[in-house]
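Thanks for making the time this morning. I would like to walk through one model with you, going from a single helix out to the domains, and then to a few local details of the backbone.

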Amino acid sequence: RASVGPKYLAGLNPEQREAVETLDGPVLVLAGAGTGKTRVLTTRIAHILSQGRARPAEILSVTFTNKAAREMKHRLGQMLGHAVEGMPWLGTFHSIGGRILRFHAELAQLKSNFTVLDVDDQVRLLKQLLQAENIDDKRWPARMLAGLIDGWKNRGLMPSQVPSGEAAVFANGKGGKLYASYQERLKILNAADFGDLLLENIRIFREHPDILRQYQQRFKYILVDEYQDTNVAQYLWLRLLSQAPSSASFASPRVRGEADARSAAGEGDSPSTALVETPPHPDLLSASEARRAPASAFAKASADMSGEKEKTKNICCVGDDDQSIYGWRGAEVDNILRFEHDFPGAKVIRLERNYRSTGHILAAASHLIAHNEGRLGKTLRTEDQDGEKVTVTGSWDSEEEARGIGEEIEQLQRQGEKLNEIAILVRASYQMREFEDRFVTLGLPYRVIGGPRFYERAEIRDALAYLRVINSPADDLAFERIVNTPKRGLGDATVQMLHDHARKRRIPLFEAARAVVETDELKPKARGSLRDLVAQFDRWRAQREVTAHTDLAQIVLDESGYTEMWQKDRSADAAGRLENLKELVRSMEEFENLQGFLEHISLVMDREGGAEDDAVSLMTLHSAKGLEFDNVFLPGWEEGLFPSQRTLDEQGRAGLEEERRLGHVGLTRARRRAKIYFATNRRIHGTWSTTIPSRFLDELPAANVEITESKGGSGWGGTGGYGASRFDDMEAFGSSYSTPGWQRAQANRNRGSGRNGGGRSGFEEETSTFSTSSSSGPDFGSF
Ligand code: ATP
Ligand code: MG
């Protein structure tokens, strides 16, 4: 290996350099967090380009988010010393799949200007189908069907391929048929959903080998980041594209819409070589077996693929089995464990030096993940200083936790830290609300990454709209938002008529509604429905005088049918939305009355989101993947919340291991400081519960962790009602810091507080609001 070379290679260590310079054949970089996997991918692209191995349009490069794609392009420019013109195939699976589908739309019975439906559109469409089939959508909610269809698409299953047992779970066996008619409807509407963007690619590739061959010839190099989290559909798509084109005699047609398509004859003249069944690497196999049920969807997909025996070409995937955190959305870590099996002759490169974190942080993260059984096991070392120990701080409750973190951030700011280098990573998105409120109070700029800010979430806006109409009947925007949410048969035509009325008489929509129901302008059904709604609002306004505003909010959500709408909803994010609604009601308690609360909201909403240059980042652990910050705050390490009780209930041990990987991802985001928090009391479903510190705290190595005192004020520190004895307990469990220290301390605290345990019961978290809500922006397309 040459020791001199282009400048961009200079800083790399030998293994990284090998991963960059091994341009031919399949390469897997299997390495832990912060070892430079993403950097290797970027440098590899720079190398391919500067060596003239391929042109920008001949490189297929898959990133985890659109943001990561932009970042990669930017870095490339820095490495090469000039901006990279045109990397049309650098993006997420969905953005690239969508681009390919537009070129061949007619083969999917679409036009190239097809629209991509968001989740709400999808559900609306499915509702129509259910109605047409006379299926009671109260019993069989459209959202449940949407969730099923999504799951099938993630697994690469066309309607005809859905196992009949699975199709039977919906509407007494009609699931499969509904999936088929849904697909037909999409075509008529010239629309595709997110799942289609890849699924239709796969179908086209399989049915039209000539088209597949075009792309196989075009993509000289394929690179994939975060490979451990690809789902079956993504895997199939990659495997199809990564085979060397089977016949050179086939003239290479141009990819429509691209001027620079050229024949890749010479590249493709390898005869179709059988995919040799090489046994997987022994440690790959054992880890795979330890983690997976035998009938894994990947094994099946892989077996299906072996009918298409081809030689693979230059594909480089990077990933980390310890960071596989999307199992709940169809990702299977098997793909990375099977790499050598799927891509025979693959070179597997391991990177062991972590360039990101200090010694204490890395030790804590490594120790934690070592408690997982189903893993390959990796060495990670740093040549960095030990730095500050990871801190663990107990707070009395979540409010004190938010206050304490707010103060620590202000202190860091005074020390000259950039807010951009500070992140708060939560397990459940509803946890963000408390931080957002705190930051608004402090005037601390923040941005929410990977999803809307708490008060901008669809369900929160809906709930607020009800409250705004109660508070001010003239609030037309709010009224229009909820007049037909949940659905009550007041469609666009009705709203249009209300608008006409309101305009003519110069009255608010709500008053127009009151007037219209006295006439016969509306059909009887709509009229009855609108009359009920007006009467409901009148009743709520009267109640407002005699009912606490938090109770009123709960009554409104229940009586309007809004809560029920989400309870019936079986999609992955419904539980999270219900949790957010509870959090909303709870947040109102901090205000004297409805008016005061709504004023606060208008202040929060008024702040420009994300406009600040320097702002604290707030996000879920899931959206933090691949990112790094100098200072990372990790609140809410309590049993039930983290690890999430729902994951444990639904997936048992496998779920626990996925939660632990999530903790590992969280800790390894930190460069210099990682700060963990737990609160002893947290509001769950509107009632306070005593919580138990997360078992993950017991799994941290004592030598790398420091127990600190909350800066939040009233709790542990000694002031207020819980004073001295509690602080003693902290010291006690600090000094005997190992299992069952936390639990013993907890028992003491419970004794003192007179509250009983059981904080876990019925506790639910949410994982997916950020990923499946329609407002989550372009990054939704990354899976
Ligand atoms: P993750 O698993 O979290 O995605 P990763 O393996 O992709 O991590 P990178 O994000 O590529 O790691 O790198 C982590 C940090 O280390 C980055 O700031 C990167 O610039 C730096 N880094 C990587 N390799 C080197 C190197 N050889 N010399 C100096 N810094 C490096
Ligand atoms: Mg990375």
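In helix 9, the buried residues are Phe194, Gly195, Asp196, Leu197, Leu198, Leu199, Glu200, Asn201, Ile202, Ile204 and Phe205, where buried is used for a residue with 20 or more other C-beta atoms within 10 Å of its own, exposed for one with 12 or fewer, and partly exposed for anything in between, the C-beta atoms being placed from the backbone. Before going further, I should say that this is a predicted model, in which local features need pLDDT of at least 70 and side-chain atom pairs count only at pLDDT 80 or more, while totals for chains, interfaces and linings use all residues. Residues are numbered from 1 along each chain as its sequence is written, and chains are lettered from A and ligands numbered from 1 in the order in which they are written.

To return to helix 9, 11 of its 14 residues are buried, and the helix is mostly covered. Helices here are DSSP runs of H or I with at least four residues, and strands are runs of E with at least two, numbered from the N terminus. The cover over the buried residues of helix 9 includes helix 4 (93-103), helix 6 (142-154), helix 10 (209-218) and helix 11 (232-241), together with strand 4 (115-116) and strand 5 (191-192). As for its length, the 14 residues of helix 9 (residues 194-207) should span 20 Å at 1.5 Å a residue, and its end C-alpha atoms are 21 Å apart, which agrees; the expected span is 1.5 Å times one less than the number of residues.

Now to the domains, whose bounds come from an automatic or database domain assignment. The chain is divided into domain 1 (7-101 + 198-270 + 312-349), domain 2 (115-189), domain 3 (359-450 + 611-772) and domain 4 (456-597). Between domain 1 and domain 2, 9 residues of the former are in contact with 7 residues of the latter, contact being taken as C-beta atoms, placed from the backbone, within 7 Å. On the domain 1 side of that meeting, helix 9 and helix 11 are the elements that give two or more residues, and the residues of that side divide into 5 nonpolar, 3 polar and 1 charged. In these classes, Ala, Val, Leu, Ile, Met, Phe, Trp, Tyr, Cys and Pro count as nonpolar, Asp, Glu, Lys and Arg as charged, and the others, Gly among them, as polar.

Where does ligand 1 lie with respect to domain 1 and domain 3? Both of these domains give residues to the shell around ligand 1, so it lies between them. Of the 19 residues around the ligand, Gly36, Lys37, Thr38, Arg39 and Tyr355 come nearest, a residue being near if its C-beta atom, placed from the backbone, lies within 6 Å. Helix 2 (residues 37-50) contributes the largest share of this shell, 3 residues, and by class the shell has 10 polar, 5 charged and 4 nonpolar residues.

Turning to the interior, the largest nonpolar core has 97 residues, of which Ala364, Ala423, Ile424, Leu425, Ala463, Val469 and Ala674 touch the most other members. Such a core is a set of buried Ala, Val, Leu, Ile, Met, Phe, Trp, Tyr and Cys residues joined through C-beta atoms within 7 Å. Its largest share, 8 residues, comes from helix 19 (residues 458-471), and because domain 3 and domain 4 both give residues to this core, it lies between them. Apart from it lies another core, of 68 residues, among them Val27, Leu49, Ala69 and Ile100.

Finally, the backbone details. Most residues other than glycine have a negative phi, and most peptide bonds are trans. Gln109, in the loop between helix 4 and strand 4, has a positive phi of about 55°, and with 14 C-beta neighbours inside 10 Å it counts as partly exposed. Ala171, in the loop between helix 7 (164-167) and helix 8 (175-188), has a positive phi near 45°. A cis peptide bond joins Thr485 and Pro486, with omega about 0°, and the bond from Phe642 to Pro643 is also cis, with omega near 5°.

Note on methods. Two residues are in contact if their C-beta atoms, placed from the backbone, lie within 7 Å.
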